[in-house]
Amino acid sequence: MRRLDQLLANLGYCSRREARDFLRAHEVCGGDGTRLTQPALKVDPASIRIDGEPLDHPDGLLLLLHKPLGVVCSHDRSEGPTVYDLLPPRWQQRNPGITSVGRLDKDTSGLLLLTDQTALVHRLTSPRHHVEKRYRATVDRDLPPEIGAVFATGELRLDGEDAPCLPARYEALGPREAFLTLTEGRYHQVRRMFAAAGGATVLTLLRDRFGPLELGSLPAGEWRILSLDTFREPAPRS
Ligand code: URA
């Protein structure tokens with residue numbers, strides 16, 4: 001059971017202070033259909049209807065976004081248009097807020113997860129969990145045939161870093177195009193790996209897979225809602 005004003009504020013409908021006015025302006029009903037007008041009332045989120053509609057994802061949100069080029073994975077709007085600007089305004093007011101699972105550069109497009117599940121963000125970005133992320137890159141020169149073996153060694157060092165990159169899987173798609181699958185997420189990692197191993201500059205970069213998820217034909221700038229169970233770990237065997 002949750003306090004109604006807190007619930008409305010957490011889901012982005014209004015601030016706690018505005019809850020009384022919100023309850024006057026909207027028909028907010030409990031499970032038995034009675035209209036609720038007291039902000040301090042304790043309610044079961046699953047039973048609430050607002051103007052006939054159930055609450056907007058009261059248990060949390062997990063989204064798969066096709067991040068377009070030119071937007072940043074930052075909450076700071078001074079850095080330019082952000083991925084959060086692509087979401088409905090109410091979702092931008094939620095608390096806990098929606099955040100990206102790792103980041104893609106401004107000039108990288110593709111599959112980006114967004115969620116308000118903090119523990120999930122930690123789990124999916126932790127190098128310990130080895131979640132595979134696949135990138136499709138085009139580069140400015142022909143790639144040497146041995147580059148796949150270099151990426152696979154787990155010995156490639158990036159400028160200014162002591163720890164070598166974990167082994168990465170390379171699949172050539174053409175002389176200047178390839179998939180690279182990583183299990184970590186360092187700053188500009190794919191661009192720096194191609195520079196370090198092949199002296200190549202990445203011209204285009206798109207992430208098309210994240211763990212078991214694929215971008216598919218989702219258009220740039222659009223998102224789909226995923227089940228919160230998508231990454232649920234199987235219960236330990238007894
Ligand atoms: N590697 C990069 O260089 N950029 C990204 O956005 C993601 C991985």
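Student: Where does proline 96 lie?

Tutor: Proline 96 is in the loop between helix 3 (89-92) and strand 7 (99-100); helices (H or I, at least four residues) and strands (E, at least two) are DSSP runs, numbered from the N terminus. This is a predicted model, in which local features need pLDDT of at least 70 and side-chain atom pairs pLDDT 80 or more, while totals for chains, interfaces and linings use all residues. Residues are numbered from 1 along each chain as its sequence is written, and side-chain values use heavy atoms, without hydrogens and water.

Student: What kind of peptide bond joins asparagine 95 and proline 96?

Tutor: That bond is cis, with omega at about 5°.

Student: What is notable about the phi of aspartate 51?

Tutor: Its phi is positive, about 45°, although aspartate 51 is not a glycine. Aspartate 51 belongs to the loop between strand 4 (49-50) and strand 5 (53-54).

Student: Which residues are around the ligand?

Tutor: They are Leu104, Asp105, Thr108, Tyr135, His188, Gln189, Val190, Arg191 and Leu205; a residue counts as near if one of its heavy atoms lies within 4 Å. Helix 6 (residues 189-198) gives the largest share of this shell, three residues. Domain 2 (62-126 + 217-225) and domain 3 (132-210) each supply at least three residues, the bounds coming from an automatic or database domain assignment.

Student: What makes the pair between threonine 108 and the ligand a polar contact?

Tutor: A polar contact with the ligand is a pair of N or O atoms within 3.5 Å. An N or O atom in the side chain of threonine 108 is 3.0 Å from a ligand oxygen, so the pair qualifies. A polar backbone atom of valine 190 is likewise 3.0 Å from a ligand nitrogen, and a backbone N or O atom of arginine 191 is 3.1 Å from a ligand oxygen.

Student: How much of the ligand's accessible area does the protein cover?

Tutor: The protein covers 96% of the 240 Å² that the ligand has on its own, by the Shrake-Rupley method with a 1.4 Å probe.

Technical notes:
A polar contact is a pair of N or O atoms within 3.5 Å; within protein, one must be able to donate a hydrogen and the other to accept it, and residues adjacent in sequence count only if both atoms are side-chain atoms.
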